[in-house]
Structure formats: C-alpha cells, structure tokens
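Visitor: I would like to learn how such labels are earned. Please show me the structure and take my questions.

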Amino acid sequence: MYKNDTVFYPQDEMTTFLLPVTLGCPYNKCAFCSMYKDYKYGEVPFSDIEMQLLNGYIYTEKVFLIGADPMSIGFDKMKRLLDMIHQHLPYCACVASYASIKSIAKYSVEKLSILHDAGLRLLYIGFETGRDDILKLMNKGHTVNEAIKQAKKLNEAKLPFNSIIMYGIAGEGESVNNAVATAKMINHFITNKVITMNLTVFHGTELNSMVKRGDFISPNQKERLVEIRTLLENLKPKQPMIFDTTHPTNIIKIKGTLSQDKERLIDEVTNYIKVL
C-alpha cells in the first residue's frame, strides 16, 4: 500500500502538506531513474485521499500532490481532487505537483485553465535536456518540440511551472553543446524557476548498464561546472526567472534571479572552476 512507499518531493516542498495521489510512475522507462522501479503504478482511492484531508490542519496554505506524475489521473479526477482539497482545506492557496510532458499533452489549454482556477498553481516538470538525441538515449518519451509546445500551453493557461534540467546527462565531451541546446529550449517559454540536478548513475538503471558496457561515459566535475556556466550564459528569460542549483545532487550551490543576478552567478561558477 502507498503508506509503505518511499515518498519523493521537491526540496521546496519540505514543509508542505503532502497528499498521496498516485503510486509509482505511469511511464517508468527513463534510463537514468531508479525512483519507482520497484513500484507498480496505481491511483490512491479517493476515500483514502479524503481521509488524509480530514486529518489535515484546516489552515493549511499549500498542498503537494505525491506521486511521480499525479496529472496522469486525468482532468475529471484532478478537478474532483482539487475541489475536495478546497472543501476540507479552505485556506489552501496553492496545490503543487510533479508533472510530465506526456501527461500535460493530454490536457487542453481550457482544461488547464480550469484546474488553475480550482487551485492547481505550480507544476514541477522534468525537461532534463534540450537535445532530442539525448532525450532518445535516456528514453524520456518526449521530444524537444513536444516539450516546448506543452510549456507554451501552460503559459497560455497561466499555470506556473518549474523546469528541472540535468547537467552531465549528455555524457563526456557533450556538456557545452547540451547546455546551449537546453538554454535554447527554455528561452522559448516562461518558467518560474530552472532547477538543476547533477546526473547520478544509480544501480539497477539502464544508464548504469550503459556505463558498464562503455556506451556512456560521465563527464568529470570540471566539465559539469562548465555546463552550468554555459547554461547561464545562454539563458535569456522573457521575465524574471529563478536559477537554482541548491538541490542536494548538485556540486555547487548557487541561487539567483535572471537576468539581474546573471553575472554574479556566472562569476561564482567560474571561481569554483578555477580552484579545481
């Protein structure tokens, strides 16, 4: 049962009311991911969800939906869920959730707008990279153009989201090109925040098998830092956007708002590279 499952959530949601909605991952095929390998996908019954809400603090201001991709439950169930949250936690001003490009593609702009108005105010989306060849290599299940299309759809629906990208994912010698391509992708849409994660090769993943076969060579620390700097140099946000490398996987912890903090952030990365 979901009560025994490992709970994953963004570090920004550490103090948020966590509400289990789905079990496992509906896709579960990404080459680098081991988070849900041992879990079968399923949905938490609404009766169980309501029980969690009945035991919640009535003055709760934010709820994070637990699961790899709660948006996978579809529009009708998501709308019912948001209405239930509002009923039991009337002071909740923001419901946040992980989401995938594949699940967002199933929603129209109109339906996304309805969900936003019902309380869904923030999504965390794993874009990972702006290169189609690396997306295919990592079996992400979407293309760069599809990612841009869905991101723009969220912008049109006025539903904010954070973009998660992964440096090191393109392998040795490809970091600069990957950073340029990823920045180019992000420059096509408006996102609240770019959250970086450092590629980690986990036991039992397809990526681990690729490394053992010699089909993938991870870049060293210096190359990964150059990738972060190159990404910063090429990002040109249309409005203020947070750049955040404070996730525990990162090899450098910096945070600021682009474009106003751009030079400071670039200098911080450069100084770190110099001491290697």
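Guide: Start with the largest cavity, lined by Ile165, Tyr167, Asn178, Ala179, Thr182, Thr196, Glu227, Ile228 and Leu231. This is a predicted model: local features need pLDDT of at least 70, side-chain atom pairs count only at pLDDT 80 or more, and totals for chains, interfaces and linings use all residues. Residues are numbered from 1 along each chain as its sequence is written, and side-chain values use heavy atoms, with hydrogens and water left out.

Visitor: What makes a space a cavity, and what makes it a pocket?

Guide: The test uses a 1 Å grid over the protein atoms alone. In a cavity, a 1.4 Å probe fits but cannot get out. A pocket is an open set of points with protein on both sides within 12 Å along at least five of seven lines. Lining residues have an atom within 4 Å of a point.

Visitor: How much space lies in the largest cavity?

Guide: About 40 Å³. Volume here is the space filled by probe spheres set on the points, with grid points joined across faces, edges and corners. The largest pocket has about 1100 Å³. Of its 48 lining residues, the closest to the centre are Cys33, Met35, Tyr36, Tyr98 and Glu128.

Visitor: Why is Ser97 called buried?

Guide: Buried means under 20% relative accessible area, exposed over 50%, and partly exposed in between (1.4 Å probe, protein chains only). Ser97 has 0%, so Ser97 is buried. Among the residues that Ser97 touches are Phe64, Leu65 and Tyr124, where contact means heavy atoms within 4.5 Å.

Visitor: How do you know that Cys25 has no bond to Cys30?

Guide: A disulfide is a pair of cysteine sulfur atoms within 2.5 Å. The sulfur of Cys25 is 6.6 Å from the closest cysteine sulfur, in Cys30, so that is too far for a bond. For Cys30 the closest cysteine sulfur is in Cys33, at 6.2 Å, and therefore also too far. The count comes to 0 disulfides.

Visitor: Why does the span of helix H9 agree with what is expected?

Guide: Helices (H or I, at least four residues) and strands (E, at least two) are DSSP runs, numbered from the N terminus. The expected span is 1.5 Å times one less than the number of residues. H9 covers residues 221–234, which is 14 residues, so H9 should span 20 Å. Its end C-alpha atoms are 20 Å apart, which agrees.

Notes
Lists of a residue's contacts leave out its neighbours within four places in sequence.
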